[in-house]
Amino acid sequence: MDYNWNWGVFWESAPGESSSYLYWLISGTSWTLATTLVAFLLAFLIGGLVGTLRTTDIKPLVWLCNLYTEVFRNIPLLVQMFICFFVIPELLPVALGDYLKQDLPYPSFFSAVVALTLFTSAKLSELFKAGIESVAGGQKGAAQALGMRPAQTYFHVLLPQAIRVVFPPLTSEALNTLKNSSVALTIGLMELTAQARNVSEYSFNTFEAFTAATLIYVVISLLVTFVMGRIERSLVIRGATR
């Protein structure tokens, strides 16, 4: 069956709408970028903290951080988004629940960011834990012998080296966060995949809509890889051997 491609569809407007289909894709891309950026930055901070605490000698904190990691890493992201968007507001006091459901601007965006942050931070905590443990144990002992407190040992000795170790897989997690943001369409966030579906349903140009969305995802992924690669190279210590 022959298919008549119509790339001019993106400059057309949907029935009853003043904006073009291209604007829909641009709007969806902006929501995808915002969700990915905010969620990954928060996940980096939370995952780094949780992963670091898991390597300490404070048993209650280690137990709690291990529990956090196992819970949010093993619950599917889709389920977490449904819980954040549909369940949590019903469990809170009525006034606060109504605010989250009705008065909070863009509730689906905030729910998506929370769920994506929890899911990604649990995975990043594993990376940070492994990175810290990969640093030679003698360095921790040497820092303590120099009179450094535990916090100073982590900030000045262990974490700087661990970040260099975990940065390459961080690029993969950043790309995973970008791709996982598409799950937010299930709770009503009009991100890129949701807008591509809208274009398809309104115009019946399914191939064009999802081809354009695919190309946008590829371009964003290449940009993320390029930026993370530049940062990774800047962290390399000249003359150091791996």
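Q: Is W5 buried, partly exposed or exposed in this predicted model?
A: Buried means under 20% relative accessible area, and exposed means over 50%. The relative accessibility of W5 is 47%. That value falls in between, so W5 counts as partly exposed.

Q: How many aromatic pairs does the structure hold?
A: Rings of Phe, Tyr and Trp pair if their centres lie within 6.5 Å. By that rule, the number of aromatic pairs in the structure is 12.

Q: What kind of aromatic pair do W5 and F207 form: stacked, edge-to-face or tilted?
A: The ring centres of W5 and F207 are 5.9 Å apart. Their planes make an angle of 35 degrees. Planes under 30 degrees apart count as stacked and over 60 as edge-to-face, so this pair is tilted.

Q: How many residues apart are W5 and F207?
A: W5 sits in the segment before α1. F207 belongs to helix α9. The pair links distant parts of the chain, and the separation in residues is 202.

Q: Is F207 buried, partly exposed or exposed?
A: The relative accessible area of F207 is 46%. Buried needs under 20% and exposed needs over 50%. F207 is therefore partly exposed.

Q: Which residues do ring pairs link into a cluster with W5 and F207?
A: W5 and F207 form an aromatic pair. Ring pairs join these two in a cluster with W7 and F10.

Q: Are α1 and α2 parallel, antiparallel, perpendicular or oblique to each other?
A: The axes of α1 (residues 21–53) and α2 (residues 59–74) come within 8 Å and cross at roughly 135 degrees. Roughly perpendicular covers 65 to 115 degrees, and roughly antiparallel starts over 145. The angle fits neither range, so α1 is oblique to α2.

Q: How many charged residues are in the contact of α1 with α2?
A: From α1, the contact uses I46, V50 and L53. From α2, it uses L61, V62, C65, Y68 and T69. By class, seven are nonpolar and one is polar, and the charged count is zero: there are no charged residues.

Q: What is the phi of Y106?
A: Most residues other than glycine have a negative phi. Y106 is not a glycine, yet its phi is positive. Y106 lies in the loop between α4 and α5. Its phi is about 55 degrees.

Q: Is F204 buried or exposed?
A: F204 lies in the loop between α8 (192–203) and α9 (206–235). Its relative accessibility is 66%. The cut-off is over 50%, so F204 counts as exposed.

Key. Residues numbered from 1 in each chain as written. Predicted model: local features only at pLDDT ≥ 70, side-chain atom pairs only at ≥ 80, totals over all residues. Heavy atoms only, no water. Axes fitted to C-alpha atoms, helices over the stretch in contact; angles between N-to-C directions. Helix = DSSP H or I, 4+ residues; strand = E, 2+ residues; numbered from the N terminus. Parallel < 35°, antiparallel > 145°, perpendicular 65-115°, else oblique. Contact = heavy atoms within 4.5 Å. Nonpolar A, V, L, I, M, F, W, Y, C, P; charged D, E, K, R; others polar. Buried < 20%, exposed > 50% of the residue type's maximum accessible area, 1.4 Å probe, protein only. Phe/Tyr/Trp six-rings, centres within 6.5 Å; stacked < 30°, edge-to-face > 60°.
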